Amino acid sequence: MKKLYIILCAVLALALSCQNNRDNNLTEAHIYIVNSGLQSVEFYDLDAEPTASVAIHRSGYFAVDATVNVEVSEQALIDYNTANGTDYQMLDEQAYVVSTQTVAISKDSRVGNVEVKFDYDTVAALADGHKYVVPLVISSDLAVTEGKEVVLLSPKMLPAEIFFVPNKVETVLWSKESAGKWKRDLKVTVPFVNPTDVTITLDTSMAAFEAISQGAKAWYNLAPAEAFQIIGDTTLVAGSSELTFTLEVDLAKLPSIYRCSIPVVMTANSENYAINKQNFYYLLNLQQDGVATTVVDAGDRRDKWVLYECNSCHGNITATNNNYLHMIDGDATTYWHSGYNSSSFINDNIRCSADNPYIVAWNLGTPHTLVAVELTRRDYQDYIVGYVEVSEDGYTWSKVASFDHIAECGGLQYLVGPYRYELNGDAAVQYVRVCVTNCQRGTAAATYANIAEFNLYEYKQ
């Protein structure tokens with residue numbers, strides 16, 4: 001019994017000792033701003049007064065009440081500029097309102113907030129990279145952490161933009177034997193919580209097609225309108241930042257041999273949010289699997305094709321060197337050269353020209369369903385810009401593709417191609433012409449052009 005009594009006394013003494021020293025080395029409460037220093041506060045242009053919230057924290061083990069004083073301090077701005085070698089300036093005091101000069105942090109909480117409400121027009125008018133700030137400094141009845149007592153708020157207005165989320169262009173191979181409907185979920189989003197219902201306007205017409213290509217490059221044929229539809233609500237509801245709808249394609253309603261495009265272009269929205277200039281569309285290219293392209297009259301073009309129109313000659317138009325037949329002879333080491341010689345006049349269709357545009361047109365002999373054109377440059381020079389046209393009768397022409405070797409090659413002489421350009425359309429045509437609108441030899445302007453090879457492609461099952 002005596003031994004048990006001694007053990008109990010020892011345990012009690014040890015417990016008292018631990019209790020008496022439990023607060024040793026525990027930190028005292030401190031007040032600080034987490035995001036101190038220069039802070040860019042960004043607002044989306046939602047036609048509302050932009051408001052920034054500054055969080056003030058209390059640290060330490062002890063739960064105590066804290067009172068924090070907040071003031072706009074020009075001296076804090078001067079000190080910051082001096083320490084950092086900057087030249088920030090005070091934002092006009094009429095352009096903002098600080099919600100309170102005192103923030104109470106109760107012992108049951110660890111954070112308090114002060115809000116700064118900015119004038120919409122002032123912030124919207126600030127240029128990118130401006131130097132205007134609102135400097136806030138805090139003090140308290142508790143200790144304030146050194147270096148964490150000042151924040152400089154630099155307001156910035158961002159456009160309220162809306163985006164297409166998926167990849168802008170998708171190409172899908174699909175077999176006719178795989179009957180049914182093809183679906184793709186499409187998504188638009190805003191980088192903020194949407195404050196109101198916004199209805200999206202979508203365009204799937206030829207105008208949408210042209211808006212995507214912007215005249216730079218033609219795509220596949222536009223799919224028949226009856227072959228696809230948009231399914232689902234196109235309203236981005238209030239409180240959300242994302243909208244999903246579905247593009248559905250009925251494969252049975254596509255042409256017998258198809259290579260079709262379906263553009264989905266966001267053209268407007270009920271809140272007039274800015275539509276992002278890079279991500280305003282989705283483009284689906286549907287190509288029938290198992291259908292291959294082949295060169296039109298690959299081995300006997302020189303015999304089957306007839307020169308229909310030409311306005312540029314080199315010496316005699318049928319001379320051995322540089323004549324027009326070299327662009328269809330299957331040999332990339334020979335080439336057509338567009339030099340001018342006034343004595344080479346043949347007839348109204350075949351004539352000479354001293355300057356751009358240079359035109360060479362072919363009668364293919366029989367109609368072909370063309371899908372692409374391929375150009376190969378001369379081995380070391382003469383970059384060209386232009387377009388390709390087709391015709392059923394040789395009188396009415398339609399532009400189906402554009403090319404720009406000056407931009408595509410970037411002056412790199414070894415990049416001769418071949419360069420392939422998909423045609424916008426696949427109607428059966430018999431006449432094709434190349435129109436060169438600009439020429440350049442290296443960095444020097446040239447008034448002539450060269451084409452080493454000119455190939456046409458069609459689909460064959």
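**Pro 418 and the loop before E29**

I started at Pro 418, which sits in the loop between helix H6 (405-409) and E29. Helices here are DSSP runs of H or I with at least four residues, strands are runs of E with at least two, and both are numbered from the N terminus. I noted a cis peptide bond between Gly 417 and Pro 418, with omega about 10 degrees.

I should record that this is a predicted model, in which local features need pLDDT of at least 70, side-chain atom pairs count only at pLDDT 80 or more, and totals for chains, interfaces and linings use all residues. Residues are numbered from 1 along each chain as its sequence is written, and side-chain values use heavy atoms, with hydrogens and water left out.

I then looked up Gly 410, which is in the loop between H6 and E29. Gly 410 is exposed, at a relative accessible area of 56%; buried means under 20%, exposed over 50%, and partly exposed in between (1.4 Å probe, protein chains only). I found Gly 410 and Thr 443 to be 9.9 Å apart, C-alpha to C-alpha, with their positions 33 residues apart in sequence.

**Positive phi**

I checked two residues other than glycine. Asn 272 has phi near 55 degrees and lies in the loop between strand E20 (259-269) and strand E21 (274-275). Asp 297 has a positive phi of about 50 degrees and lies in the loop between strand E23 (292-295) and helix H5 (301-304). Which of them is buried and which exposed? Asn 272 is exposed, at 69% relative accessibility, whereas Asp 297 is buried, at 14%.

**Salt bridges**

I read off 13 salt bridges in the structure, each a side-chain nitrogen of Lys or Arg within 4 Å of a carboxyl oxygen of Asp or Glu.

Lys 131 pairs with Asp 87 at 3.7 Å, N to O. Lys 131 is in the loop between helix H3 (120-125) and strand E9 (132-140) and Asp 87 in the loop between helix H2 (74-84) and strand E5 (89-90), so this pair ties together parts 44 residues apart in sequence. Both are partly exposed: Lys 131 at 33% and Asp 87 at 47%.

Glu 170 pairs with Arg 184, the closest N and O atoms being 2.4 Å apart. Glu 170 belongs to strand E13 (residues 169-174) and Arg 184 to strand E14 (residues 181-189), so the bridge ties together parts 14 residues apart in sequence. Arg 184 is partly exposed, at 29%.

Asp 300 meets Lys 304 at 3.4 Å, N to O. Asp 300 is partly exposed at 27%, and Lys 304 is partly exposed at 43%. I also noted a network of salt bridges that links Lys 181, Lys 183 and Glu 248.

**Nonpolar cores**

I looked up the largest nonpolar core, a set of buried Ala, Val, Leu, Ile, Met, Phe, Trp, Tyr and Cys residues joined through side-chain atoms within 4.5 Å. This core has 36 residues, of which Trp 362, Leu 370, Phe 454 and Leu 456 touch the most other members. Elements giving two or more residues to this core include strand E26 (358-376), strand E29 (419-422) and strand E33 (453-460). Which element gives the most? E26 does, with 7 residues. Another core, of 29 residues, lies apart from it and includes Val 198, Ala 223, Cys 260 and Leu 286.
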